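Here is a friendly walk through a model, written to be read with the structure open beside you. Please have a look at the picture first, and then follow along.

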Amino acid sequence: KFPFPYAQIIVTMLVMLTILTPIAMSVMLPHYVWSTLGTFFPIFGAFCLNNVSQELEMPYGDDYNDLPIARFQEEMNSSLMMLIHCNADHVASTNKQARTDFKG
């Protein structure tokens, strides 16, 4: 599991980014439209990266984006059951009358 103090630092840094970016953009950019765009896109990108990393941290479960572990286990069990079938251990062979050379 991801270390909890590290996750707290990430959330704290995101909050600081959310508070300080509008102030910095209003000082650096002369028009309010550019300040708004310059604030929205970096903050939106940082929060998107944080949400993606949270999904990648735990890909197993019951959420919509999680991997279907139950189906994977059923397919593995089915494959293992096929191995214990009585016809699974027969080696393929040819008929005694089969031609095994290229002579005409």
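Where is the place of Thr 21? Thr 21 sits in helix 1. Before going further, a word on the ground rules. This is a predicted model, in which local features need pLDDT of at least 70 and side-chain atom pairs count only at pLDDT 80 or more, while totals for chains, interfaces and linings use all residues. Residues are numbered from 1 along each chain as its sequence is written, and side-chain values use heavy atoms, with hydrogens and water left out.

**Confidence**

The score to know is pLDDT, the predictor's confidence in each residue, from 0 to 100. The protein averages a pLDDT of 87, and 97% of the residues score at least 70. Confidence is highest in helix 1 (residues 4-28), at a mean of 93, and lowest in helix 3, at 89. As a general caution, where pLDDT is low, the predicted coordinates should not be read in detail.

**Helices 1 and 2**

Helices here are DSSP runs (H or I, at least four residues), numbered from the N terminus. The expected span of a helix is 1.5 Å times one less than its number of residues. For the 25 residues of helix 1 that gives 36 Å, and the end C-alpha atoms are 35 Å apart, which agrees. Helix 2 has 26 residues and should span 38 Å, in agreement with the 38 Å between its end C-alpha atoms.

Helix 1 also has a bend of about 30° at Leu 20, with a proline, Pro 22, following within four residues. The bend at a residue is the angle between axes fitted to the seven residues ending there and the seven starting there.

Now back to Thr 21. It is buried because its relative accessible area is 10%; buried means under 20% relative accessible area, exposed over 50%, and partly exposed in between (1.4 Å probe, protein chains only). Leu 14 and Met 25 join Thr 21 as the buried residues of helix 1. These residues pack against helix 2. Which residues does Thr 21 contact, leaving aside its neighbours within four places in sequence? They are Met 16, Gly 38, Thr 39 and Ile 43, where contact means heavy atoms within 4.5 Å.

Seen from the other side, the buried residues of helix 2 are Ser 35, Gly 38, Thr 39, Ile 43 and Asn 50. What covers them includes helix 1.

**A phenylalanine cluster**

The structure holds two aromatic pairs. Rings of Phe, Tyr and Trp (its six-membered ring) pair if their centres lie within 6.5 Å; planes under 30 degrees apart count as stacked, over 60 as edge-to-face and the rest as tilted.

| Pair | Type | Centre to centre | Angle between planes |
|---|---|---|---|
| Phe 40 and Phe 41 | edge-to-face | 5.2 Å | 70° |
| Phe 40 and Phe 44 | stacked | 5.3 Å | 15° |

Together, ring pairs link Phe 40, Phe 41 and Phe 44 into a cluster. Phe 40 and Phe 44 both lie in helix 2, four residues apart, about one turn of the helix. In general, an α-helix has 3.6 residues a turn, so residues three or four places apart point the same way. As for accessibility, Phe 41 counts as exposed at 53%, Phe 40 is partly exposed at 44%, and Phe 44 is partly exposed at 45%.

**The loop and helix 3**

Is Asp 66 buried or exposed? Asp 66 counts as buried, because its relative accessibility is 11%. It is found in the loop between helix 2 (32-57) and helix 3 (69-83). Leaving aside neighbours within four places in sequence, Asp 66 is in contact with Glu 55, Met 58, Pro 59, Tyr 60 and Gly 61.

In helix 3, look for the side chains of Glu 75 and Arg 71, which meet in a salt bridge (3.1 Å, N to O). The structure holds one salt bridge, a term that calls for a side-chain nitrogen of Lys or Arg within 4 Å of a carboxyl oxygen of Asp or Glu. Glu 75 and Arg 71 are separated by about one helical turn because they are four residues apart in helix 3. Glu 75 is partly exposed at 42% relative accessible area, and Arg 71 is partly exposed at 44%.

Met 76 is found in helix 3 too, and is partly exposed with a relative accessible area of 47%. The C-alpha atoms of Met 76 and Glu 57, 19 residues apart along the chain, are separated by 24 Å.

Methods. Helices (H or I, at least four residues) and strands (E, at least two) are DSSP runs, numbered from the N terminus.
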